[in-house]
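Here are some short exercises to work through with the model open on your screen. Try each task before you read its solution.

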Amino acid sequence: MTVVIRGASLLGETTADLTVEDGVIRDVGTADLGGATQVIDADGLIALPGLVDLHTHLREPGREDAETILSGSMAAAVGGYTAVLAMANTSPVTDTAENAERVHDLGRRAGLVDVHPVGAVTRDLGGQELAELGLMARSRARVRVFSDDGRCVDDARVMRRALEYVRTFGGVISQHAQDPHLAGPTACCHEGELSGRLGLPGWPGIAEEVVVARDVMLARHTGSRLHVAHVSTAGSIEVLRWAKAQGIAVTAEVTPHHLLLTTDLLSGYDPTFKVNPPLRPAEDVEALRAALADGTIDAVATDHAPHARHDKEHAFVDAAFGMLGLETALSVVSTVMVREGRMGWSDVARTMSTTPSRIAGLEDQGQALSVGSPANLTLVDPTAEVTVDRADSVSLSRNNPWHGRRLTGSVHATLLRGVPTVLEGKLA
Ligand SMILES: NC(=O)N[C@@H](CC(=O)O)C(=O)O
Ligand SMILES: [Zn+2]
Ligand SMILES: [Zn+2]
């Protein structure tokens, strides 16, 4: 099978035809259309390396009513992704080699994106005893990213030992930075004037910042790699900027929702906007945008967190934390960063594909658009105007904070190793 992508703008720079054969880019230039099995007209479209999501919740095993590995893979493909890292907070938790292999194999069977399990840092996310880190790393699933996401690795001694351990095989610890004493389990609204007025338990920025500060020092001490999940405050960015200047091996991700949505959305008590960490004020949002543009934040990650209706439709304090993100991430980044002139398409490729692939240690993702690269590709229509409708989602859940929003730029097609998974914005 030979697929020709005709007249795409590579990273928004030069225009060329891409000839894809046996899962690999065979030619970049002017294609011979005669030999093509399929021609994709990419006039006006931007070609990017397939997107890589460092932070996805697929809910299988355990909560297949909210999402399955198949439905989450469908959402990922529609969102332009060719690889996702599936978080460990499933039931059972991904804390053994066997559990990691099961997720990996179900991902293979779905066949729409590469599903890489994230391993838990501690057994059953309990925060005390290290999980089977080495066995997960050596398993067929080749786990490199470890996280207790949903919970913070709160005990500094456990965090230190985990960092030391993963260093031996080039792994990384992705930390959900939330000091549980400063922001306890009911904390659900950015602490400030609004949380007081709404009567919601406050989740202060400092609860994130103290953990980020502690962990960069542990990363320095151990010489190991730290990744900070869903960074949400200007103070965390100051710490990251300092740590990077010291040469400490720390990376960080920001979610699309923290790049655009603000805490005032909580004034209607709509649980759709309840997420961990919480939506922040406009000053933090602006600091996150600036940090993504200048490279202090390395990657955009969705934290796609589907929840069944009966877990979300409650009084605000009782509802589950989390929102959908896979299908809309590219459109949000395009709207907030590209249309506003703060990033070019090569920066989108870097923050949504190349760098996340490198952080996760993936070998066949985030590649250059050149001859010999695996044909994991995303075609973006940069001028498409979309109004998000939660009913259109292929996710099993409907906790979509983007419903009704107008965004500019959308995913037109996705190819996984040369095979189209999405065409004209729909599953192929
Ligand atoms: N982000 C969320 O609000 N929820 C996530 C857990 C997490 O990422 O902390 C979930 O698993 O639902
Ligand atoms: Zn988290
Ligand atoms: Zn998460």
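Keep in mind that this is a predicted model.

**Exercise 1. Decide whether Arg 142 is buried, partly exposed or exposed, then look at its backbone.**

Solution. Start by counting: Arg 142 has 17 C-beta neighbours inside 10 Å. A residue is buried at 20 or more and exposed at 12 or fewer, so with 17 neighbours Arg 142 counts as partly exposed. Next, find its place in the chain: Arg 142 sits in the loop between α3 (133-138) and β9 (145-146). Finally, check the backbone. Arg 142 is not a glycine, yet its phi is positive, near 50 degrees.

**Exercise 2. Do the same for Leu 11: which class does its neighbour count put it in?**

Solution. Leu 11 has 19 C-beta neighbours inside 10 Å, so it counts as partly exposed. Its home is the loop between β1 (2-10) and β2. Leu 11 also has a positive phi, about 55 degrees, without being a glycine.

**Exercise 3. Follow Val 20: which strand holds it, and what does it touch beyond its sequence neighbours?**

Solution. First, the strand: Val 20 belongs to β2 (residues 14-21). Second, the burial: Val 20 counts as buried because it has 27 C-beta neighbours inside 10 Å. Third, the contacts. Leaving out residues up to four places away in sequence, Val 20 touches Val 3, Ile 5, Ile 25, Arg 26, Ala 375, Leu 415 and Gly 418. For a distance to check on screen, try Val 20 and Leu 407: they are 387 residues apart along the chain, and their C-alpha atoms are separated by 31 Å.

**Exercise 4. Which residues of the largest nonpolar core touch the most other members?**

Solution. The core has 136 residues, and the ones touching the most other members are Ile 5, Ala 47 and Val 333. Now ask where the core gets its residues: at least three come from each of domain 1 (2-46 + 373-427) and domain 2 (50-360). Then zoom in on Ile 5. Neighbours within four places aside, Ile 5 is in contact with Asp 17, Leu 18, Val 20, Ile 40, Ala 42, Ala 47 and Leu 379. As background, nonpolar side chains tend to be buried together in soluble globular proteins.

**Exercise 5. Describe how domain 1 meets domain 2.**

Solution. Set the bounds first: domain 1 covers 2-46 + 373-427, and domain 2 covers 50-360. Taken over C-alpha atoms, their centres are 26 Å apart. The contact uses 31 residues from domain 1 and 40 residues from domain 2. On the domain 1 side, β16 (377-387), β17 (406-416) and β18 (419-423) each supply at least two residues. β17 gives the most, with seven residues. Sorting that side by chemistry gives 16 nonpolar, 13 polar and two charged residues.

**Exercise 6. List what surrounds ligand 1 and sort it by residue class.**

Solution. The shell around ligand 1 consists of His 57, Asn 89, Asp 149, Gly 150, His 176, Val 275, Asn 276, Asp 303, Ala 305, Phe 321 and Gly 322. Sorted, the shell holds three nonpolar, six polar and two charged residues.

**Exercise 7. Find the cis peptide bonds before Pro 61 and Pro 92, then look at α1.**

Solution. The bond from Glu 60 to Pro 61 is cis, with omega near 10 degrees. Pro 61 falls in the loop between β6 (51-56) and α1. The bond joining Ser 91 and Pro 92 is cis too, with omega about 5 degrees, and Pro 92 lies in the loop between β7 (81-86) and α2 (97-110). As for α1 (residues 69-78), 10 of its 10 residues are buried. After α1 comes Gly 80, with a positive phi near 90 degrees.

**Exercise 8. Does the radius of gyration of the chain agree or disagree with that of a compact globule?**

Solution. For 428 residues, a compact globule would come out near 22 Å; the chain has 20 Å, so the two agree. The C-alpha trace spans about 65 × 45 × 45 Å along its principal axes. Buried residues account for 58% of the 428 residues. Lastly, of the contacts between residues at least 6 apart in sequence, 75% join residues at least 24 apart.

Terms used: Residues are numbered from 1 along each chain as its sequence is written. Chains are lettered from A and ligands numbered from 1 in the order in which they are written. This is a predicted model: local features need pLDDT of at least 70, side-chain atom pairs count only at pLDDT 80 or more; totals for chains, interfaces and linings use all residues. A residue is near a molecule or strand if its C-beta atom, placed from the backbone, lies within 6 Å of it. Ala, Val, Leu, Ile, Met, Phe, Trp, Tyr, Cys and Pro count as nonpolar, Asp, Glu, Lys and Arg as charged, and the others, Gly among them, as polar. Domain bounds come from an automatic or database domain assignment. Two residues are in contact if their C-beta atoms, placed from the backbone, lie within 7 Å. Helices (H or I, at least four residues) and strands (E, at least two) are DSSP runs, numbered from the N terminus. A nonpolar core is a set of buried Ala, Val, Leu, Ile, Met, Phe, Trp, Tyr and Cys residues joined through C-beta atoms within 7 Å. The radius of gyration is taken over C-alpha atoms; the globule rule is 2.2 Å times the number of residues to the power 0.38.
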